[in-house]
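Trainee: I want to check labels against numbers. Can we take them one at a time?

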Amino acid sequence: MRFHQVLYRIPSGLWLVACTITILPTIRAQMTLGTDFWFTFLDNYQNTSAQKRVYISSINGATGTISIPALAWTQNFTVPAMGNVLITVPNSAVGKAIHVTASDTIAVWALHFYPYTSDATVVLPVEALGTEYVVLTFSDQSWVSNNYPNQIAIVGIANNTQVTIDPPFAPPFNITLNQGQVYMYTAPGSQDLTGTIIRVTNAQPTTCKPIAVFAGARCTSICTSVGTFTCCCDHIFEQMHPVSSWGTQFVVVPFMSRNFDIVRVVAYFNNTQVTVNGAVVATLNQGQYWQGTINTPTVITTSQPASVAQYSVSGNCDFTTGDPFYIIIPPLEQRLNRIIFDAFPFNVINNYYVNIVVPTNGVNNVWLNGNNISGSFAPVPSNPAWSYAQINIASGTYVLQADSGAITTIYGFGSWDSYGYLAGSAVEPWVEIVYDTPLCPGDTVAFWFIVHNAGPISVNSPMWVFNTTGDTASGDTVYFYVPATADTITLTLYYVAGSGACGAIQQTFTMTVPRRLQPTFACAGDTLTLYPDTLMPGPYIWWTGDSASPLEWLVPDTLSTGDTLWITLYYPEVCNFTDTSYLLVSNVNIQHTVEPLPPLCYLQDTLTIQVDSLWGGYPPYSVSYTLTGNGSLVIDSPNAHVWGADTFQVILFYGDSTGCRWRDTLTIPVLPEFRIALPDTWLCQYADTILLSPALTNGYTPFTYTWWVQGGTILCDTCATPKLVATASQGTIFVEVIDSFGCIARDTATFEGKPSPLFDLPDTIVCWHDDGLAIINPSDNNSPYQVTWQPASAVTCDTCLSTTLVHGGTDQFYRVTVTNTWGCSWTDTFWLWVDWGPTVQIYPGDTVVLWGAQLTIYALTDATFFLWTGDLPNNVSNQADSFTLEARAPQFQFILQGWNERGCYWIDTTTILTVEATCDEQPFIPNAFTPNGDGINDILYIYTRVPDARIDRWEIYTRWGELVFSASDLRFTKSFPFQTTIGWDGTHQQTGALLRSDVYVYYLEYTCKGQRQFLRGDVTLIR
């Protein structure tokens, strides 16, 4: 969308019969914002202890200097935009002029602070000061005996300022002040200085000598019954407003939390009638005042400009929390559209309030620190055209925006203390210069002025300077001859305004005399307002045939840069003048990009608007930006950087050297604030593993987590709900979460690691013949401890730190938990392994042998060391691997004991029994054998159970009687089984031939214990 702003005027020569020109305000706006301030402090009954505080605020930000020339004291300051700075000046500043200058407009407040006796005032800048004042204050006779009288302080702004002071109870007297001098006037006795007239008497047409006036009391009580002791008194302190800023309509809103307030109205003009909520209550002459009480919003009107003050009463007057202060209430004419103010923080005041008055039709457009507060307003009962709000606020800096203007007061209450002051006000009188004949060359023109919206202001001693020709004149009406060659007339009016108006007194304006139109530019797509510079009366006719003044004309958007439009304006009856000119068309296009692509993350992303190209129009180009919504904009042409806090719009203005401008509007959505909350916690060191579960507000899945910790361990630093282990007595957890839009939420939490009863029981190996022992030594020394062993049956004490481990000969798994006085537990597990010692075996084991048999005994063991005991032969070592014995005893018993490297042992025992064989048992020959060379049963032996027997003769025959094998005098082996030392291998003994499978017959002669015996049988040879 393009934005079309009316920028073009067609110069034209017009003859006027009567013409009025509205000039910038001759009497500059009276307001509380400025760059140059002079003020002082009155006596506080705690002068030596009370702090002199100066608060400075700024909408745009500023640097400056505060100084006290009489004390040679100076301090520089910097106040941020939308912020404030506090400066404490020396205690000796009472009665000394304080000077503040700044690089940009600021607001200044003076607070005379001491617990239970404080008050503040807004400080008016030099341009808001005047030369005539009427004092408003308050005096209670009950406190005069304590030397707490009324006071006035007058600060000089210019050298040789002559001032008359006219108290209501004494003759007037004169003083002279130079710049930076202060005159303090203290009322005698219990006199009330309300109604005192103060005037500057030597202001001149080209000079201005304003003064600053402050009034109050060292300490006074305020109540409806003056002279009656009322607790408690308080210091009151307020800057007076010049008569030039007075008005006739006031709305006074009661102070919150109080039962009633006191109001005073003071007059400067005689026969001033005072009306309260529609009822006439008084008619006042100069210096007189009317006093009353209010407890509801009250409308006060006066027949002539007056000054109104609102008083907070003593705490014991209405029996509520608070104490005296007062505020000069500005008239409704002095509303401000925008003002910055501070609710001063200090320890005695604990409730802060703001009262606001606006036109009822403007309630919907009132913002406090960017928040619309229309819901806080209610109509004023006696005049619904006005609405008011009473708002409880916190201490701090505030900006109030009211499209229809507002009257704003700030105040605070605490136990036996209070303060209050005006946030700001403005009055904008302006001067209209009028001339009565056409401005045709050669004419004599009459000039005079009209003062609008000036209240009591009157313009005195006017002096006119026609800068074009150097002519000067004086008087309310002057005459000027317009030269035939003149193009413009520049006129300056100098004057002194009555009733104290002072400030910028020089006014300059320019009138255009008929001249030829000059070529100029038209912006494509704009609706131009075409009119002559001096609005001469017609008749005149545009080239379109229209006689409208001005002419609204739309430049076609289809035109290109360089196209020409001719314009003619005819004045057939005015100076016989025709003017013709042409417009060169300008049409500029723009291409831009935005990074990153919206939506933006709340208070995180920085938006960059990049102007990629501009074309058309007449270089050089210009680019500017404005911002609507809740965000901040940094312009770095041609780029703009925006830090957004809510959905906002960036309006991009661009143009060329002709002054043509267009705009594009970018709506930038901002995501809701992405937040994470991680609570503080505690857990047992090393023992606990707690689950961290942060709470997320807003944000868009999926989320990416990053955890890190000091004083502990995060078991999963990228999990949504990781586990935490504390390794120190204190620690900090950090978490960062990034959502799918890249928005970041961070939080930090602390945790406390309670000491855990740390211990370590290692796996242990014990010999099967030994008991195990476990001793627990917790590291934390936080006894008594609760101990639980599992299984309980595997220990001798299942609740002890020291116990014997019962294994029963098998490997045992143990679990033990120890809990200290913090409730922190530690659990350990371990195995008790049972070592059964080395392998120890006697071979052969228990057996029976024949008497006289030889037997070899073996130690089968992997023991590191072993030892034989028992019936060992005499020649055998008790560490022998084996030994041989002859069984010539009824029995033998051997014990073999072996040890491994742990000292675990195992024992094996064997018993050898001997038996004696009889000759009734014949030798035994198998009935078959297989001499096939497989190593099994290849040889045929003779067996016996009598090892002392002897084979005298052994013969084997075929079934046909052929002898194939014979042997004699054969002996048996000494070890069981007893067999002959020689056997038949199935071959022919004589020829060596292999005999075939068949049945063979054997013949056997043998001797057993001296007895000779014979034996026949057969054997089968199988191949």
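Mentor: Start with a definition: a disulfide is a pair of cysteine sulfur atoms within 2.5 Å. Keep in mind that this is a predicted model.

Trainee: Why is the link of Cys797 and Cys800 called a disulfide?

Mentor: The S to S distance is 1.9 Å. The cut-off is 2.5 Å, so the pair qualifies. With 65 degrees about the S-S bond, this link is right-handed.

Trainee: What makes Cys800 partly exposed?

Mentor: Its relative accessible area is 25%. Buried means under 20% and exposed over 50%, so a value in between is called partly exposed.

Trainee: How many disulfides are there in the whole structure?

Mentor: A search finds seven. One of them joins Cys223 to Cys317, S to S 1.9 Å. The torsion about that S-S bond is about 75 degrees, so this disulfide is right-handed too.

Trainee: Why say that Cys223 and Cys317 link distant parts of the chain?

Mentor: They are 94 residues apart. Cys223 sits in the loop between strands E16 and E17, while Cys317 belongs to helix H1.

Trainee: Why is Cys223 called buried?

Mentor: Its relative accessible area is 10%. The limit is under 20%, so the label holds. Cys317 also has 10%, and therefore counts as buried.

Trainee: Which hand has the link of Cys523 and Cys660, left or right?

Mentor: Left, with -95 degrees about the S-S bond. Its sulfurs are 1.9 Å apart. Both cysteines are buried.

Trainee: Now charges. What makes Arg218 and Asp43 a salt bridge?

Mentor: Their closest N and O atoms are 3.3 Å apart. The criterion is within 4 Å, so the pair passes. Arg218 lies in strand E16 and Asp43 in the loop between strands E3 and E4, so the bridge ties together parts 175 residues apart in sequence.

Trainee: Are these two residues buried or exposed?

Mentor: Buried. Arg218 has a relative accessible area of 18%, and Asp43 has 13%. Each value falls under the 20% limit, so both get the label.

Trainee: How do you know that Arg950 and Asp952 get unlike burial labels?

Mentor: Arg950 is partly exposed at 25%, whereas Asp952 counts as buried at 14%. The 20% limit falls between those values. Their side chains still meet in a salt bridge, 2.9 Å from N to O. Salt bridges that share partners join Arg950, Asp952, Asp969, Glu1005 and Arg1012 into one network.

Trainee: What makes Ile56 and Val85 close in space though apart in sequence?

Mentor: They are 29 residues apart in sequence, yet 5.4 Å apart in space, C-alpha to C-alpha. Val85 also touches Ile56. Contact requires heavy atoms within 4.5 Å, so the 5.4 Å between C-alphas does not by itself decide it. Val85 is in strand E7 and buried, with 17%.

Trainee: Which residues touch the most other members of the largest nonpolar core?

Mentor: Phe39, Ile56, Phe77, Val89, Ile106 and Ile154, out of 74 residues. Apart from that core lies another, of 61 residues, including Ile339 and Leu368.

Trainee: Last one. Why can Ile765 belong to a surface patch?

Mentor: Ile765 has a relative accessible area of 41%. A patch residue needs over 30%, so Ile765 clears that bar. Together with Phe813, Trp831 and Trp833, it makes a nonpolar surface patch of about 350 Å². Ile765 is found in strand E61.

Methods
Residues are numbered from 1 along each chain as its sequence is written. This is a predicted model: local features need pLDDT of at least 70, side-chain atom pairs count only at pLDDT 80 or more; totals for chains, interfaces and linings use all residues. Side-chain values use heavy atoms; hydrogens and water are left out. Patches are made of residues with over 30% relative accessible area and no salt bridge: like charges are joined within 9 Å, nonpolar side chains (Val, Leu, Ile, Met, Phe, Trp, Tyr) within 5 Å. Accessible areas come from the Shrake-Rupley method with a 1.4 Å probe; for residues, only the protein chains shown count as cover. Helices (H or I, at least four residues) and strands (E, at least two) are DSSP runs, numbered from the N terminus. Buried means under 20% relative accessible area, exposed over 50%, partly exposed in between (1.4 Å probe, protein chains only). A nonpolar core is a set of buried Ala, Val, Leu, Ile, Met, Phe, Trp, Tyr and Cys residues joined through side-chain atoms within 4.5 Å. Lists of a residue's contacts leave out its neighbours within four places in sequence.
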